[in-house]
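Student: Could you take me through one part of this protein slowly, and show me how it fits with what surrounds it? I would love one connected explanation.

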Amino acid sequence: MKQLVLVSLFVVFSTSTLNTVFSADMATKTGVAVIGPDFDDDGTPDVLIGAYSGGAGPTYGGAVYLLLGPATTGGSLSSADATWEGLDSLSHFGTSLAVTGDLDGDGVDDFATGASRDDTAASAAGAVYVLRGPVATTPTTASAAVWTG
């Protein structure tokens, strides 16, 4: 049975211990959305963290960071196991996150993230990106399925 661990910038792997804190620049809005699916299908919960103004891509394009479990120490999100980034400036990629289940039938959970100001369809119309697990060595947002506003 897969575990779903809901967290708010603190990674909780037991009900009695608050284990890990990850930090980032305050301007990145890190932690606006956090979910804990088993994204690599190894039986250990992982953590996806949204930062709608983060990432190294376009200005305030946003990012989603993956930390593969078990997360036993804190640190910077610059050392995340994978990072997806918004495709245009001010898109707010990573505003929301949701586990979608296994949409493509490969046995591994997939997830969706919102980009509330994405410009794909129209100026600031917004979009939802569905990203499929397991994680590629170099994940890309460009390969995601996209629904626009």
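Tutor: Happy to! Let us begin with strand β9 and its partners. 5 bridges join β9 to strand β10, residues 127-131, and the two run antiparallel. Here two strands count as paired if DSSP finds at least two bridges between them. Strands themselves are DSSP runs (E, at least two residues), while helices are runs of H or I with at least four residues, and both are numbered from the N terminus.

Before we go on, a word about where this comes from. This is a predicted model, in which local features need pLDDT of at least 70 and side-chain atom pairs count only at pLDDT 80 or more, whereas totals for chains, interfaces and linings use all residues. Residues are numbered from 1 along each chain as its sequence is written, and side-chain values use heavy atoms, with hydrogens and water left out.

Now back to the strand. Within the pairing of β9 and β10, T113 stands opposite Y129. Strand β8, residues 93-101, also pairs with β9, in the antiparallel sense over 6 bridges. There, F93 has A115 of β9 as its bridge partner. Put together, 4 strands form an open sheet in the order β8-β9-β10-β11, with antiparallel pairing. Its edge strands are β8 and β11, each of which pairs on one side only. From one strand to the next, the twist averages 20 degrees, with axes fitted as lines to C-alpha atoms (for helices, over the stretch in contact) and angles running from 0 to 180 degrees between N-to-C directions.

How enclosed is β9? Strand β9 covers residues 110-115, and 6 of its 6 residues are buried, so the strand is largely enclosed by the rest of the structure. Buried means under 20% relative accessible area, exposed means over 50%, and partly exposed is in between (1.4 Å probe, protein chains only). In a regular strand the side chains alternate between the two faces of the sheet. In β9, D110, A112 and G114 point one way and F111, T113 and A115 the other, and all are buried.

Next, look at S91, in the loop between β7 (82-85) and β8. S91 has 0% relative accessibility, so this residue counts as buried. Leaving out residues up to four places away in sequence, S91 touches several residues, among them A115, S116 and Y60; contact means heavy atoms within 4.5 Å. A polar atom of the S91 side chain also lies 3.3 Å from the backbone oxygen of D88.

For contrast, try P134, in the loop between β10 and β11 (145-148). P134 counts as partly exposed because its relative accessibility is 43%. Apart from neighbours within four places in sequence, P134 is in contact with F39, D106 and V108. P134 and F39 are 95 residues apart along the chain, yet their C-alpha atoms are separated by 6.0 Å.

Finally, the whole protein: there are 0 helices and 11 strands, and of the 149 residues, 42% count as buried.

Key: Polar contact = N/O pair within 3.5 Å; in protein donor to acceptor, adjacent residues only side chain to side chain.
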